[in-house]
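Take a look at the model below. We will start with one helix, step back to the whole protein, and finish at a single residue.

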Amino acid sequence: MTVAAGLLELRASCFAALDLACLDQVVQPGSAIEAEDRAALIAARDGAEHPAMGYDLDHLAVSAEMGAAVLVTVPFTDVEREPASLLLMRGEAGWRLRELFD
């Protein structure tokens, strides 16, 4: 799913730039991933390492579609790790990340 890959790439660039405002284009307001990402990005600004994002974006697969929600399987580049599950929601602002289960 190219939307999911694009959002994950943008999320990684937000962390690379340590840009909190950038996350507004990626995460759904009020979601668990928004709270986690904002906390991680603030910690990274204070010198902590930001989360590794070694996802294999060429092999994403839609697991389930439920109207405005899509569940995507996201494999890691480290093939020994179990794939993550990514929940995307479509709203007025377009697709946003809601939750990442890894």
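What do the buried residues of H2 pack against? Their partners are H1 and strand S4, which covers residues 94-101. Keep in mind that this is a predicted model.

Start with H2 itself. The helix runs from residue 32 to residue 45. Its 14 residues should span 20 Å at 1.5 Å a residue, and its end C-alpha atoms are indeed 20 Å apart, so expectation and model agree. Now find the residues of H2 that are hidden from solvent. Ile 33, Glu 34, Asp 37, Leu 41 and Ala 44 are buried. Around the helix axis they cover an arc of only 100°, so they sit on the same side of H2. Two of the names deserve a second look: Glu 34 and Asp 37 are among the buried residues. Follow the chain just past the end of H2. There Gly 47 takes a positive phi of about 110°.

Now step back to the whole protein. It has two helices and four strands. Along the sequence they come in the order α-α-β-β-β-β. The radius of gyration is 13 Å, close to the 13 Å that the globule rule gives for 102 residues, so the protein is as compact as a globular protein of that length. Along the principal axes, the C-alpha trace spans about 40 × 35 × 20 Å.

Next, consider the inside and the surface. Of the 102 residues, 34% are buried. The protein exposes about 5,700 Å². Carbon and sulfur atoms supply 52% of that area. Contacts also reach along the chain. Take those between residues at least 6 apart in sequence: 39% of them join residues at least 24 apart.

Finish at Ser 31. Where does Ser 31 lie? Its place is in the loop between helix H1, residues 2-17, and helix H2. Is Ser 31 buried or exposed? Its relative accessible area is 3%, and buried means under 20%, so Ser 31 counts as buried. Its side chain reaches the backbone nitrogen of Glu 34 at 3.2 Å. Glu 34 is one of the buried residues of H2 named earlier. Which residues does Ser 31 contact beyond its neighbours within four places in sequence? They are Leu 97 and Arg 98. Both numbers fall within S4, at 94-101. That strand is one of the two elements that the buried residues of H2 pack against.

Notes
Residues numbered from 1 in each chain as written. Predicted model: local features only at pLDDT ≥ 70, side-chain atom pairs only at ≥ 80, totals over all residues. Heavy atoms only, no water. Buried < 20%, exposed > 50% of the residue type's maximum accessible area, 1.4 Å probe, protein only. Polar contact = N/O pair within 3.5 Å; in protein donor to acceptor, adjacent residues only side chain to side chain. Contact = heavy atoms within 4.5 Å. Expected span 1.5 Å × (residues − 1). Arc of directions from axis to C-beta. Rg over C-alpha atoms; globule rule 2.2 N^0.38 Å. Areas by Shrake-Rupley, 256 points an atom, 1.4 Å probe, with all protein chains shown as cover.
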